[in-house]
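Trainee: Got a minute? I'd like to go through this structure with you, starting with the cysteines.

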Amino acid sequence: MVNGDFQSVNKRYDYFRYRILRFKEGAFFPHLCYTGSYMTDATARRRRFARKNNLTIGFTAIADFSSFIGQEYLAGIMQAAADYGIHFINMASAVRHSIFLDTDFLPQYLAKLPFMKKPLIDGLVTWASTLCDVMPNDEVQKLFSSLKPLPMVDIGYLDIPGIPSIRIDNTYSMQLLIQHLKKVHGFSRIAFMGAKLSVPHERRRQNFLAEMKKQHLSCSEGDIFMADSLDEKDIESQAELLVAHYGLKAHEKSRNLDAIVTSSDIIASALISALEKRHISVPDDLAVTGFNNQLKGITAPCPVTTINLSYFNRGYEAVELLLDRIQHPEAVALNRTVKTELIVRQSCGCFEENIVHALQTDWSHFLPPKENGPEEIRIRLFPALQAIFPQERKEQIDSLISAVTADLQEENAPPLKLQPFWSGSARCIRLAESMIMKKKSLFLETSCSPLCRKTQKRRGA
């Protein structure tokens, strides 16, 4: 392994790896694998209604659209508008990052309010909670209530009387995490780390405590650690308190703590880094889980087991619900809950499915002879990447391949940022070799099938 700082690693490789993994999980081109109401009578009725009435809808928020959450929400809304033949106007205000521009976005946003009404638009998808950083909650509620009787659907966490919303099931999400840690790994001593900055973090804290009680696992407020913000310094401060509270030691499994559930992949990533500084290994000494399925979780020192919140599908379903509201404005406004899914990676002690699949696959027919060099690799990789990313230009795919081959050709490869991936693969290979020697199947006898390492002993036993 080489030494170096994180900034020296080619960021294009990180993004390439992120997109490959998200593609495998169905996050890209999700309209192709979407499990909603395609080809149903309800879909046909919505499409006929939208096209007959030549509908136009808008979307409004103040958000950072450089983040994947805003991008996937917007992509889902735009895809639904295209599928149903609806005109779409993006009326959102994007958070700007330049120091030369005015950062007070509220006046700019409020200036658009007169246009959020009929006959200019027929309905509005709102992300009202994005205004909570610049306005009190009650004022935000009054602001959007003033737009009635315009049909609206919200995709945030703020309740607005008379306006239905698309919400995630936090209770189900926490159930997935706790049950995985308990039933698959046999963990019982579990702590929680969140942040005090927003309602979703607090709700996840409450859901964590409720699920721990439901699973008959001991937990108290002393097992809860809440950072003041998502800043790395605040998270590291809480990590220091956690280490001291449980008496965690370097290179040693704790008898007092098995796992830490966090309310965000950002927190999970920063926590893993903070633990590594203290020579506490994740997942070997301690398991960590995240929430949100973000880039930070995939590129963390140890890829994070997390909850996928299906932002694209929520944006898509918001448009479908809005169409129903436009068609039946007298109907009772009911919220719709979207189920989440558990994404299993290495931070809990499991292996990703694609790692095990790669181990079981015979690559001899694919890999070129060593003497052919990187050009042969490029020729073989290019059509495969074109199939995965059909919307990307040739130059962009070439750039991704160049980034990968440059990392592979480094004399002391793998670079620091890729160590978790390689070390994870090495662990998988060592496990497979051990099992082959014992003439055992690669498919581990757990509820995660080939995804998990068998937990043969409970920690502390």
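Trainee: Is C350 buried or exposed?

Mentor: C350 counts as buried, because its relative accessibility is 1%. Keep in mind that this is a predicted model.

Trainee: And C302, buried or exposed?

Mentor: Buried as well, since C302 has 4% relative accessibility.

Trainee: How many disulfides are there?

Mentor: Zero, going by a search of the whole structure.

Trainee: Why no bond for C302?

Mentor: Because the closest cysteine sulfur, in C348, is 8.5 Å from the sulfur of C302, and that is too far for a bond. A pair would have to be within 2.5 Å to count as a disulfide.

Trainee: OK, strands now. Which way do the residues of β5 point?

Mentor: β5 covers residues 123–126. G123 and V125 point one way, L124 and T126 point the other way, and all of them are buried. That fits a general pattern: in a regular strand, side chains alternate between the two faces of the sheet.

Trainee: Which strands are joined to β5?

Mentor: β1, residues 56–60, runs parallel to β5, and four bridges join the two. I57 has G123 of β5 as its bridge partner. β6, residues 152–154, also runs parallel to β5, with three bridges joining them. There, T126 stands opposite D154.

Trainee: Where does the chain go between β5 and β6?

Mentor: Through helix α5, residues 137–145. The β-α-β crossover this makes is right-handed.

Trainee: What's in the loop after that helix?

Mentor: P149 is found in the loop between α5 and β6. The peptide bond leading from K148 to P149 is cis, with omega near 15°.

Trainee: Where else is there a cis peptide bond?

Mentor: One joins V282 and P283, where omega is about 10°. P283 sits in the loop between α9 (265–277) and β11 (287–289).

Trainee: Switching to phi. What's up with H251?

Mentor: H251 has a positive phi, near 55°, and is a residue other than glycine. Its place is the loop between α8 (232–246) and β10 (259–262).

Trainee: Is H251 buried or exposed?

Mentor: Exposed, because its relative accessible area is 65%.

Trainee: What about N293?

Mentor: N293 also has a positive phi without being glycine, with a value near 60°. You'll find N293 in the loop between β11 and α10 (295–298). N293 counts as buried, since its relative accessible area is 0%.

Trainee: Last topic, the core. How many residues are in the largest nonpolar one?

Mentor: The largest nonpolar core has 56 residues. Inside it, F59, I86, F208 and V261 have the most contacts. Helix α11, residues 311–327, gives the most to this core, with nine residues.

Trainee: What does I86 touch?

Mentor: Leaving out residues up to four places away in sequence, I86 touches A50, L55, T56, I57, A81, V319 and L323. You've met I57 already, as the residue whose bridge partner in β5 is G123.

Trainee: What lies apart from the largest core?

Mentor: Another core, of 27 residues. Among its members are F225, L248, I267 and L286.

Trainee: Any general background on cores like that?

Mentor: In soluble globular proteins, nonpolar side chains tend to be buried together.

Notes. Residues numbered from 1 in each chain as written. Predicted model: local features only at pLDDT ≥ 70, side-chain atom pairs only at ≥ 80, totals over all residues. Heavy atoms only, no water. Buried < 20%, exposed > 50% of the residue type's maximum accessible area, 1.4 Å probe, protein only. Pairing = 2+ DSSP bridges. Right-handed = clockwise from strand over helix to strand, strands pointing away. Core = buried A, V, L, I, M, F, W, Y, C linked by side-chain atoms within 4.5 Å. Contact = heavy atoms within 4.5 Å.
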